[in-house]
Amino acid sequence: MVDYERAFDAAVKAVKAEGRYRVFADLERCKGRFPQATYYGSDGEKEVTVWCSNDYLGMGQNEHVVNGMKTAIDKVGVGAGGTRNIAGTTHFHVMLEEELADLHEKEAALLFTSGYVGNEATLSTLSRILPDCIILSDELNHASMIQGIRGGKGPKLIWRHNDVEHLESLLKDLPIDKPKIIAFESVYSMDGDVAPIGAICDLAEKYNAFTYLDEVHGVGLYGYKGGGVAQRDGVEHRIDLIEGTLGKAFGVMGGYIAGSSNLIDAVRSYASGFIFTTALSPVLVAGALESVRFLKKAGDLRDQHQERAARMKAILREAGLPVMPSVSHIVPVFVGDPVACKEVSDRLLDEHNIYVQPINYPTVPKGTERLRFTPTPLHTDQHMEQLVQALDKVWVELDLKRVAA
């Protein structure tokens, strides 16, 4: 007989033994007071400062977004009513796809229930539509991209992270007329580094490859109207497909792709991850629509965000804390041990009312465990000073290294 419960228990114990067991924090954000939240712990309730939210600009609290969702509830109710093909395409969906296409200067866009689903469904579908297609994937691509590539069941090649010379060496060995997709991200969210998008586009054009860019950590934050890093760098028109999310800088939920009309129509027609799932609630779509419209004109907010990230990196360095190199809004602080990383996080929460999650394997390689901070325009100098003082105290108490690996 199979002892199912014993197998489940053993699996959990194995994760705990490695020091990477994850505990969810029971949080309730305080409307209008972000980054403050109420934490429900074993000792009761207390107010904490959130330092690890992907709501990078606080748009989940924005009055335009909130009011847009309230209006949608009053106008159409809550649910979409089914899949997009049957009953789930509402006018809000149509309007948002038009706004997203315009955001990226593309002909069309397509909504998914999340960025993860968007990557998984689209990459697996492209592999099936393009016969014998080879996908060349950056080694640090997100799990959703990896899963999508696996789902396509076609050949793949892994190129060293952001190494265009290695990428070209792989492309040289492939027939020029063979379908090829170069899949990569703009901002890599655990290290905070940025892809050399222009150089990758040069190679794609030279070797007749299709470019697939994941901009989930760039949309809303970079570019003259928030289209992402490719827009900021003036190369957006050279990217064949841009994948993005509505759950980070836009502060709501959902994912999408943007590209040519033929491309979007093909994915819409073949991707099972789109065809067979209930559509996003029109309430969420209405909120995302307001957020996209707002951020297209919010260059000042993007400037504030960059200033806050730069300020935080500077004061961490001044305090001698091991902030890792980052050219984006991501601020990673190196720990290098899963148990110590969890202990730092616990002490910050329990003793200093600061919430930041430990980032351990498999999200990052073993030995590179870290804390990942995401300062927003709503984090004040006082917030930062309190954080640095708390980090310095914990670093001393745990006798942790002051130099990032």
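This section describes pockets, a cavity, strand pairing, backbone features and surface contacts in a predicted model.

The largest pocket has a volume of about 1,200 Å³. Its lining comprises 46 residues. Those closest to the centre are His142, Ser189, Met190, Ile359 and Thr363. Several helices and strands contribute to this lining. Helices α4 (115-129) and α5 (143-152) each supply at least two residues. So do the strands β9 (241-245), β13 (358-359) and β14 (370-373). By class, the lining of the largest pocket holds 19 nonpolar, 16 polar and 11 charged residues.

The second largest pocket contains about 200 Å³ of space. It is lined by 13 residues, of which Val23, Tyr39, Lys342, Asp346 and Leu349 are the closest to the centre. Helix α13 (residues 338-352) gives the most to this lining, with five residues. Eight residues of the lining of the second largest pocket are nonpolar, two are polar and three are charged.

Enclosed space was also examined. Rolling a probe the size of a water molecule over the atoms shows where empty space is left. The structure holds one cavity of 30 Å³ or more. About 70 Å³ of space lies in this cavity. Its lining is formed by Arg84, His93, Leu111, Phe112, Thr113, Phe274, Thr277, Thr278, Ala279 and Leu280. Five of these residues are nonpolar, four are polar and one is charged.

Strands β1, β2 and β3 are linked by successive pairings. Strand β1 (residues 27-29) runs antiparallel to strand β2 (residues 36-41), with three bridges between them. Leucine 27 faces tyrosine 39 in β2. Tyr39 is also among the residues closest to the centre of the second largest pocket. The two strands form a hairpin with six residues between them. Within the turn, glycine 32 has a positive phi of about 85 degrees. Strand β2 also pairs with strand β3 (residues 44-50), again in the antiparallel sense, over six bridges. Here glutamine 36 has threonine 49 of β3 as its bridge partner. A hairpin of two residues joins β2 to β3.

The loop between β1 and β2 holds further features. Proline 35 is located in this loop. A cis peptide bond joins phenylalanine 34 to proline 35, with omega of about 15 degrees. Lysine 31 lies in the loop between β1 and β2 as well. Side chains of opposite charge can pair when their charged atoms come close. Lysine 31 forms a salt bridge with glutamate 63, and their closest N and O atoms are 3.0 Å apart. Glutamate 63 belongs to helix α2 (residues 63-76). The pair links distant parts of the chain, 32 residues apart. Across the whole structure, 26 salt bridges are found.

A second set of strands forms an open sheet of three, in the order β11-β14-β13, with antiparallel pairing. Strands β11 (331-334) and β13 stand at the edges; each has a single partner strand, so one side of each is left without a neighbour in the sheet. Strands β13 and β14 are joined by two bridges. In this pairing, isoleucine 359 stands opposite arginine 370 in β14. Ile359 is also one of the residues closest to the centre of the largest pocket. The loop between β13 and β14 contains proline 362. A cis peptide bond joins tyrosine 361 to proline 362, with omega of about 10 degrees.

Backbone geometry stands out at one further site. Most residues other than glycine have a negative phi, and most peptide bonds are trans. Aspartate 132 has a positive phi, near 60 degrees. Aspartate 132 sits in the loop between α4 and β5 (134-138). Helix α4 is among the elements that supply at least two residues to the lining of the largest pocket.

On the surface, Val2, Tyr4 and Phe8 form a nonpolar patch. Together they have about 360 Å² of accessible area. Phenylalanine 8 lies in helix α1 (residues 4-17).

Methods. Residues numbered from 1 in each chain as written. Predicted model: local features only at pLDDT ≥ 70, side-chain atom pairs only at ≥ 80, totals over all residues. Heavy atoms only, no water. Patch = residues over 30% accessible without salt bridge, like charges linked within 9 Å, V, L, I, M, F, W, Y side chains within 5 Å. Areas by Shrake-Rupley, 256 points an atom, 1.4 Å probe, with all protein chains shown as cover. Salt bridge = Lys/Arg side-chain N within 4 Å of Asp/Glu carboxyl O. Helix = DSSP H or I, 4+ residues; strand = E, 2+ residues; numbered from the N terminus. 1 Å grid on protein atoms, 1.4 Å probe; cavity = no way out; pocket = protein on both sides within 12 Å on 5 of 7 lines; lining within 4 Å. Points joined across faces, edges and corners; volume = space filled by probe spheres on them. Nonpolar A, V, L, I, M, F, W, Y, C, P; charged D, E, K, R; others polar. Pairing = 2+ DSSP bridges.
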